[in-house]
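Here is a short tour for a first-time reader. Keep the sequence and the model side by side while reading.

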Amino acid sequence: MSADRTVKLLWSATALGGAAAVASYFVMGGPRFWANWVVWFLFLLTLALGALFLVALEHLVSARWSVPLRRIPERLASLLIPLCAVALVGLGSLKTLFPGARPEAALDPLLAGKAVWLGVPCFSARVALCAALGLVPLVVLLRGSLRQDRDHDPRFTIRARRFAPVCMAIFALLVTQAAFDWIGGLTPAWYSDVIGVYLFAGAFMAGLAATVLAVIYLRGKERLQAVRFDHFFNLGAFLFAFTVFWAYIAFAQYMLMWYGNLPDEVLWYQAHTGGAWLGVVVLLALLHFFVPFFALVPRDAKGDLKRLRWVAVVVLAAHWLDLYWLVFPALGAPVFSWPELGFALFFVGATLLWTRGAMAHGEDMPVGDPFLREGLEFRL
Amino acid sequence: MNPEPTSFPAGLPEVLRAPALTVGKVTPGSVDDQVLRFPGQAPPFKWYVAVACTSAVAALGMALIGYTFYRGIGAWGNTSPVFWAFDIINFVFWVGIGHAGTLISAILFLLRKRWRNAIARFAEAMTIFAVMCAGIFPLIHVGRPWVAFWLLPYPNQRGLWTNFRSPLLWDVFAVSTYFSVSLMFWYLGLIPDLASLRDRTESRIRKPIYAILSLGWRGAANHWRHYEKAYILLAGLATGLVLSVHSVVSFDFATSIVPGWHMTIFPPYFVVGAVFAGFAMVLVVLIVVREAMDLHNLITDFHLEVMCKVILGMSCLMGYAYVIEGFTAWYSMNSFLHHVFMNYITGTYGWAGWLTITCNVLLPQLLWFRKCRRSYPWMLLVAAAVTVGMWFERFVIIVISLHQDYLPSAWRIYKPTLTDYGILLGSFGIFFTLVLLFARVLPVIATSEMKADLPGAQPRHGADHE
Amino acid sequence: MNETFAVLGLFDSADALMEAVPKVKARHLGRLEAYTPYPVHGLDRALEQRRSPLAGMVMVMGVLGALTALLFQYWISAVDYPIITGGKAPSSWQAFVPIMFEVMVLFATFTAGLGMLLLLNRLPTFGHPVLQAKAIRGITRDRFALAVEAEEGAGDGFAPVARAALEAAGARDIELLPAPARGPWLTAGFIQKSLAGIAVACLVSGLVMYGAVKLIPVLPPMSHMEDQPRLDPQAQSTFFKDGRGMRMPVAGTVARGFMPPGFASEDEAARLVNPLPRTPAVLAKGRAEYQIRCAVCHGALGNGIPTLSAAYGAKPANLQAPNFQAYSDGRIYGAIVLGKNAMPSYAADLPEDARWAVVHYVRALQRAQNAKDEDLK
């Protein structure tokens, strides 16, 4: 398929999806619309942040094997720019989905003490602050990286390494805010301090999976030919390791709340595992842990392109399912029909269009990076 | 592992060049000569002095343990409501110290960080000794240590079984698994070095001992391939243990509903804290080994620098955990949790809370400065602060949460006894005695692993792993 | 004369060894083996050694370990002796996961370690010819050896040909390894069999013991504190002469609620004063007690017309009679406590304050039945 036709197809799919999404607001009601919006916002936010984490991690530990690949997660991280708009639109969901944002919260004895924090002004201020902070790493790391393509100045690498800890702090803040506000806020009486870490695990997996898919796609298009089994092996190994890490955090949170059996904590799990949601949980465990784990256990499988491709797709689908499971119980029983598909079309199409546009900027590899050659020569 | 980069792009700034992992000319033979001469020769006088001091302290600790058996737990300060105090603090502290060794030998192996070679052996030995010290405490803190075997599930005429729903039993399995796996991993790594020792020594006593312990290792390529596979599999399994063992230890607290204990962030928070404390201890031992055994060419400034950076990173993660816990305590709108957290910094033991924050989060920030990462006094100051801070963190979590929890009529002040202090000191004595004995008897650096990563060690035209 | 086991060529670097391997392999002189101080990448491929099966073994044993732990815990907690602790159901799978994970790692570790050593590498082996060679010192230090092992029936010509081949391939030193004599007894095979035997013995004895304790009656769990040096009820005692553990109370012991009245006759009781105030509550209590205890004989109005039938025989006193009206409170109290004629003592039935309340009520009854005009005011 020629590039033009692909773009046209993407635009039509996005438009169709957008129309379906808007229609769902009027047909299915506000809550359904907003729940979908929040899920997709979080999905893309975590994907972009996961990719940003990959970039920042490389600079932080002065890794050299990932230098040839670094442009891909940089481009994925640029999704944070349109996500600012998505976040601002998402603020419309506060009165509908978030009990803490409604005026009655001030009267509820459980919420009265934090009604100001949960209310619309403070919530929006936090979202705006995080959106602004999220753009800072883009300016420093991404723009600098693109500039280094042209001027081959190693001082950017020094600057990036110095900035990496700050970027990590910003990342921690953004992921924690997203988890506590957008996910925890749906059940404001509930609290769990590990949800930030939980979202981080999912975010890193999503970022890795998206990077893997993008690299495989580019390799198929005769770009990034120099990337070898050794590089894919490392990506696959990280994906494997974080599959285990995600499962560990998910199980730890569940088991601790099951064990303590405290009313203020158990209510969340009762809503999220009651009725048909139990089936969703089983599916989530399968797709997010068992399938990727056993698929990537063999050593050769971690670097095998064919396997990595479908495992990455499964991981991304599982990450979406994870967020669906976190958000949709606010609506009651699990629902899945044309609004969800419409939103999927819209956001996936829009993301692919954006990344296509991003791929036109700069080279596919950071050609100005002083360690590019070493990265290409990397052997296990 | 990756070979040393043969050349840097012209004009690459000094700060970006990967620093040297070895200094001067290092060959496989020179590594052997430098490291393997210690097990064969008599140690210097200061070693004897050191062992005498640490053994004396250890003996004191063991005498006090005997006294505890005789008197009962009344010899300690544990009483209502603080039923867990120094005993569990010390247990968690020592298990935590062990995690650094496993991270260095297992996780860094999987990440192919070559700098681990110089320090993995004694770090792993420290793990084993730390777990041994840790294991003392659950055994002695039960009221009747002579029936401690009741912790194991065996068929008996009373028809009773252990309670598998209790995290204390998960601990028994987790810590004993951790000990077995660490021992197995460490021993496997030692086999080629023991073979080297066997072939170097002429002593009629030592040669048969090394020969038996090295199991007749001869370096056959056929054996190396199975060995390498076993090593990487064990590294992967040990990595799983690093996460799970201290998480199971954290479950001891997090599964209860004591305010301040029932926080879901405890599993990863404890793991990070364990690695943090362990790295500080490894840094101390590293400096001592480097100086006492004159290994400056094998343990370089780079090793010290990277250890400091890991400690700094872990310190930042600890800061994150403290902030999140504090925020969640407010956010929960739970008055008991509020009270406990205010107690952490303003109550009777509030000084311990401030000490913890200072030692764990503030002082390690000194390591942002290159000068501090390059100077022994600063590094030792930070390492000592981290050790103290992490011990006190467990004190804060355990004692402060327990001494004032739900029922005000049960609030009491906790006072440790001299026996408590003595046993804590004794555990340090036991640990350092074992470390000193290890340094005397076994090679402190994994010579075969070091040799494999020296420049020119691997064939240039070796077959690519496609 | 010793048959040659192998001819060993020594090289000074990994590169030299790797270059020599294909050259010597091409001569097809026998099985090749290399001896190095550390693992050399690509050597196993050059020697055409197959991939290690250890990973598969470890995976299988790991899964087996997890399943074993799960079934073991489930059997113990939910089937053999189910107890609900902490409100958790006996079959709580959530609680079984941590130990499942640890046992999985344990099984996998021992498979990796012992499987590699005993099964795959057949270590320990102490009698191998290389260990007796002069070259071994260099091999474990910094030299690389390539050994050409003689095949069965290779004959005398093998050694010189192999030597020449190795020298042509670049070996610095050559050493001939004679075939070993008898192998020692402490070999890998012996240890394998011993460990297997121990494992089987443990498993069998464990199951047998489990079955056996099921057949023998269960002992009480904690019998240590049942057997104490104290006197149990109705037990014998060697301390007392009559052999009885239970003793009568000391003379003069007063049972609770049975304090002696402090008077021996009605006259003495007449001096007592009613300590209770005349409140509605006290009167209500007095009425309640009177209706239970006294009305049976003395009648509801205290006039001696009871609900008993005439067949009863004894004639209860009419408390409205003038002589009873003249009784002091204390005298009525004395009648209750000591009894009077056919009336038994009610001291055991009425506690002290109830008795005084009844006295108040009787007084009230008397006044009610003999009301004067002033009482209505």
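The report below moves from the contacts between chains to the nonpolar cores, then to a helix pair, one residue and a set of strands.

This is a predicted model.

**Contacts between chains**

Start with chains A and B. Their contact takes 29 residues from chain A and 28 residues from chain B. On the chain A side, three elements give two or more residues: helix H8 (155–183), helix H9 (195–220) and helix H10 (229–260) of chain A. H10(A) gives the most, with 9 residues.

Now turn to chains B and C. Here 61 residues of chain B meet 69 residues of chain C. The chain B side draws two or more residues from each of helix H1 (28–40), helix H5 (167–200), helix H7 (221–254) and helix H15 (447–453) of chain B. The top giver is H7(B), with 18 residues.

The table sets out the residue classes for these two sides and for a helix contact described further on.

| Contact | Nonpolar | Polar | Charged |
|---|---|---|---|
| Side of chain A that touches chain B | 18 residues | 7 residues | 4 residues |
| Side of chain B that touches chain C | 31 residues | 20 residues | 10 residues |
| H2(A) with H14(A) | 5 residues | 2 residues | 2 residues |

**The nonpolar cores**

The largest nonpolar core has 325 residues. Those with the most contacts inside it are Ala48(A), Phe171(A), Phe276(B), Phe279(B), Val282(B), Ile311(B) and Leu146(C). Helix H2 (residues 30–60) of chain A supplies the largest share of this core, 21 residues. Another core lies apart from it, with 20 residues. Among them are Leu272(C), Ala354(C), Ala357(C) and Tyr361(C).

**A helix pair in chain A**

H2(A) also packs against another helix. Its axis comes within 10 Å of the axis of helix H14 (residues 338–359) of chain A, and the two cross at roughly 35°. The crossing is right-handed. From H2(A), the contact uses Arg32(A), Asn36(A), Trp40(A) and Leu44(A). From H14(A) come Pro339(A), Glu340(A), Phe343(A), Phe347(A) and Thr351(A).

**One residue in chain A**

Ile72(A) sits in helix H3 (residues 71–77) of chain A. Is Ile72(A) buried or exposed? It is buried, because 28 other C-beta atoms lie within 10 Å, and 20 or more is the cut-off for a buried residue. Which residues does Ile72(A) touch, beyond those up to four places away in sequence? They are Thr211(A), Ala214(A) and Val215(A). Val212(A) is 140 residues from Ile72(A) in sequence, yet their C-alpha atoms are 9.0 Å apart in space.

**Strands in chain C**

Strand E3 (residues 144–149) of chain C is mostly covered, with 5 of its 6 residues buried. E3(C) pairs with two strands. Strand E1 (residues 4–11) of chain C runs antiparallel to E3(C), over 6 bridges. In that pairing, Phe144(C) is the bridge partner of Phe11(C). Strand E2 (residues 31–35) of chain C is also antiparallel to E3(C), joined by 5 bridges. Arg31(C) stands opposite Glu149(C).

Leu146(C), listed above for its contacts in the largest core, has many partners. Setting aside neighbours within four places in sequence, Leu146(C) is in contact with Gly9(C), Phe11(C), Leu17(C), Ala20(C), Val21(C), Val24(C), Leu32(C), Ala34(C) and Leu166(C).

Notes. Residues are numbered from 1 along each chain as its sequence is written. Chains are lettered from A and ligands numbered from 1 in the order in which they are written. This is a predicted model: local features need pLDDT of at least 70, side-chain atom pairs count only at pLDDT 80 or more; totals for chains, interfaces and linings use all residues. A residue is buried if 20 or more other C-beta atoms lie within 10 Å of its own, exposed if 12 or fewer, and partly exposed in between; C-beta atoms are placed from the backbone. Helices (H or I, at least four residues) and strands (E, at least two) are DSSP runs, numbered from the N terminus. Two strands pair if DSSP finds at least two bridges between them. Two residues are in contact if their C-beta atoms, placed from the backbone, lie within 7 Å. Ala, Val, Leu, Ile, Met, Phe, Trp, Tyr, Cys and Pro count as nonpolar, Asp, Glu, Lys and Arg as charged, and the others, Gly among them, as polar. A nonpolar core is a set of buried Ala, Val, Leu, Ile, Met, Phe, Trp, Tyr and Cys residues joined through C-beta atoms within 7 Å. Axes are lines fitted to C-alpha atoms, for helices over the stretch in contact, and angles run from 0 to 180 degrees between N-to-C directions. A crossing is left-handed if the near helix is turned anticlockwise from the far one by less than a right angle, and right-handed if clockwise.
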